[in-house]
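User: I should like to learn how the features of a structure are read. Please take me through one example.

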Protein chains: 2
Amino acid sequence: MSGFGVRSLRQIFRCAIIQFAVKGDARREEKRMAGLVGRLVVGQSGGPTQVINNSLVGVIEEALAHDQVTGVYGMLRGIAGVLNESFVDLARESKGTLALLRRTPSAALGTVRYKLKPEDYARIVEILRIHNIRFFCYIGGNDSMDTAHRVHLAAREMGYELRTIGVPKTVDNDLAYTDHCPGYGSAARFVALAVRDSGRDTEAMGRSSPVKIVEVMGRNAGWLTAAAALGRQDPSDPPHLIYVPERPVNDQAVVEAVDRIVGERDHCVIALSEGAVPDTGLEEVDAFGHKMKGGASDYLAWVIQAQLGLKVRQDKPNYLQRSFSACMSHVDADEAYRVGCAAAQLAVEGESDIMITLNRQAGPAYLCSTGTAPLAMVANDERRLASEYIDKDSSDVTAAFVDYARPLIGTPLPPLGRLARYPVPRKGEPK
Amino acid sequence: MSGFGVRSLRQIFRCAIIQFAVKGDARREEKRMAGLVGRLVVGQSGGPTQVINNSLVGVIEEALAHDQVTGVYGMLRGIAGVLNESFVDLARESKGTLALLRRTPSAALGTVRYKLKPEDYARIVEILRIHNIRFFCYIGGNDSMDTAHRVHLAAREMGYELRTIGVPKTVDNDLAYTDHCPGYGSAARFVALAVRDSGRDTEAMGRSSPVKIVEVMGRNAGWLTAAAALGRQDPSDPPHLIYVPERPVNDQAVVEAVDRIVGERDHCVIALSEGAVPDTGLEEVDAFGHKMKGGASDYLAWVIQAQLGLKVRQDKPNYLQRSFSACMSHVDADEAYRVGCAAAQLAVEGESDIMITLNRQAGPAYLCSTGTAPLAMVANDERRLASEYIDKDSSDVTAAFVDYARPLIGTPLPPLGRLARYPVPRKGEPK
């Protein structure tokens, strides 16, 4: 989990010719001498993101730079591509294609959600053996890291030498042992912009339709919903309320908060996680006669409308949050590329059964180096939004969260304007 | 409705000092000499757009350039601002604020949907008279043009000299007598990008959740939904089906088309207008046990899931379509500004009871000049998607539509990449 900080700096300054002499290099040099030679295969798994193809390109470009790698294959649709022996030859792709993929959202190899069955392992190792695939890079979230770990175990058990490296990816930002996940920064940027701009729309409409709920992805973790706070220029800007799955939502508290905020400013904008659930549970919800089948946003809209008589508008950008590429975070794209590079490099250097992580460096400027964590530990963990990032009344995030997340969304959001609204003295009779 | 083409060129080349001698100038010069002097008031009405503040700034900046204009006021919340005598002094706003507003979505003055009552007219004219407001610019869609026309009539009837000019605005693009409406281009760009990128997400997921519906704004007109076609790089790219309100949707035709497309390419992406309704009407829908209360997209998702057993995902970006400013069309923003300028200029020059229009010029490069149309004609008309723009099977748009709409979304969409996917020969036993 540590000891790769300096190596990661090398990763950053790859253009420089100087190589740092670092602790651990001797051990790796030994493994390199041992000389595992063969093909590398890379796959993409789980939900796509805006930047997952950056990781793919990172793996490919780094792999092609090593003599030990005799070919670079892609699995079509993740592990299903191995089971079906559906490989494509990524070494033949043009540099132009790879450059375009760095700004192309979604998973270029196709993706899959497939839980391995006991009988699959022998097949997987057999297919890898036939193609002399010795390096296995798998880009995904918890479940994908679990798959990679099991492939590692199966290969070891069957005496097949294989280096298995996980590459983190998820807009949910819920992987443990890493400062954050590639994919999160771009989705967070989209959410911040979406809530900010749609919030302006609600402000302009005023009392005629004063409440807006923007439903944000994240069934278990509120990281992405919390990112809505990054769209604020002033403390009074939207979102006025943020609800995350980490804190059960109390209907009455919401109703009172909305009533107060609409009273103060004629409108109220809510960033609501799709996984935010009422603290009363579903029974109570059924007593309202509502089955919640429409999700958290429909339910809350219904509660607010019923109790306050206010018109509630909803935005459900759903899959746009993880695919809308026009506002990709360049920090996110770069980091996604770098974790891909690090995966191929460490595989070649003899590491296995680890996931690449991002470690934030201390210092005045934002900088992450890459590190590693054991696949099994990542697979069995889930990182929810930290308590220090949730405001004490559970309807906002803290300044500490904003400090954490702001660098990840890349270029500062372009500022918006507001009229000063210099009042004109009244001359007529009041209406 | 015509005769302002040359004047509009002057509008475009305002930096140039040369003034063209044009037909009609003499008449306007005469009116200018007559010298109506007073304040100008501007308001925003109806649903906001990404670029409606560009029109506001255009009105303000042009108005401030004319000696006849003794002040520039803004109505807070459209015509309600007049009725309530809620004006702000826009001449005091800083240049910096106005510059920021040009990239700020939503209506900076606040907006309103209010249908004038018979007793309102006397009040409106009275308030205008008290403040010596002689120029009335109103930014909005059909209903707003109707309001402006009625204000014009009321002033004339009460012997109060007032110049009333409408400034077109709507993401729906449904105003007649203009090539297109400011607001449409930016919303169209968002929709094109959204369907393109979310479509890539669906492509990557493949058979596990093969159908995506993106619900697009437009209750009566399909212009915005049609814009989804602008996201295609290749003919086979999403959206694979486009349904607009101009053509009733036949459930069975949709089901057959989706079945065929999923069979061919493992996924199917649909751009569906919120106003696209089944050709069977609502009774038939009730017979399915579904009340359509969730809207067109929920209904179609339900039909496809029930009949084909395919998982259907939905995106409902709703208000993001008219507010998301990160991908504003610069063509749209510029035109919105120019129609604002033209409104203030023509008001000062003595025109009244007209709306500014955009007239596309013939020629190899895209260029629109401004023109005018009578307010009453605009108010009583609605322009739906032209038949020549709808494909014969009613599930796509034509090349003519793409030619029409492409210049409006501004900078060409950045291209996306796709792997060539060079196949690796199989060596193992088939699974």
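User: Over which residues of chain A does pLDDT stay under 50?

Analyst: This is a predicted model, in which local features need pLDDT of at least 70, side-chain atom pairs count only at pLDDT 80 or more, and totals for chains, interfaces and linings use all residues. Residues are numbered from 1 along each chain as its sequence is written, and chains are lettered from A and ligands numbered from 1 in the order in which they are written. Where pLDDT (the predictor's confidence in each residue, from 0 to 100) is low, the predicted coordinates should not be read in detail. In chain A, pLDDT stays under 50 over residues 1–23. Residues 282–292 of chain A are also below 50. The mean pLDDT of chain A is 91, and 89% of its residues reach 70 or more.

User: How are chain A and chain B related?

Analyst: Two copies of a chain are related by a rotation about an axis and a shift along it. Here, a turn of 180° and a shift of 0.0 Å along the axis lay chain A on chain B with an RMSD of 0.0 Å, superposed by least squares on the C-alpha atoms of residues with pLDDT of at least 70 in both. The two copies are therefore related as by a two-fold rotation axis.

User: Which residues of α6(B) meet α7(B)?

Analyst: B:Tyr121, B:Ile124 and B:Val125 in α6(B) meet B:Val151, B:Ala154 and B:Ala155 in α7(B). Helices are DSSP runs (H or I, at least four residues), numbered from the N terminus; residues are in contact if their C-beta atoms, placed from the backbone, lie within 7 Å.

Note on methods
Contact = placed C-beta atoms within 7 Å. Helix = DSSP H or I, 4+ residues; strand = E, 2+ residues; numbered from the N terminus.
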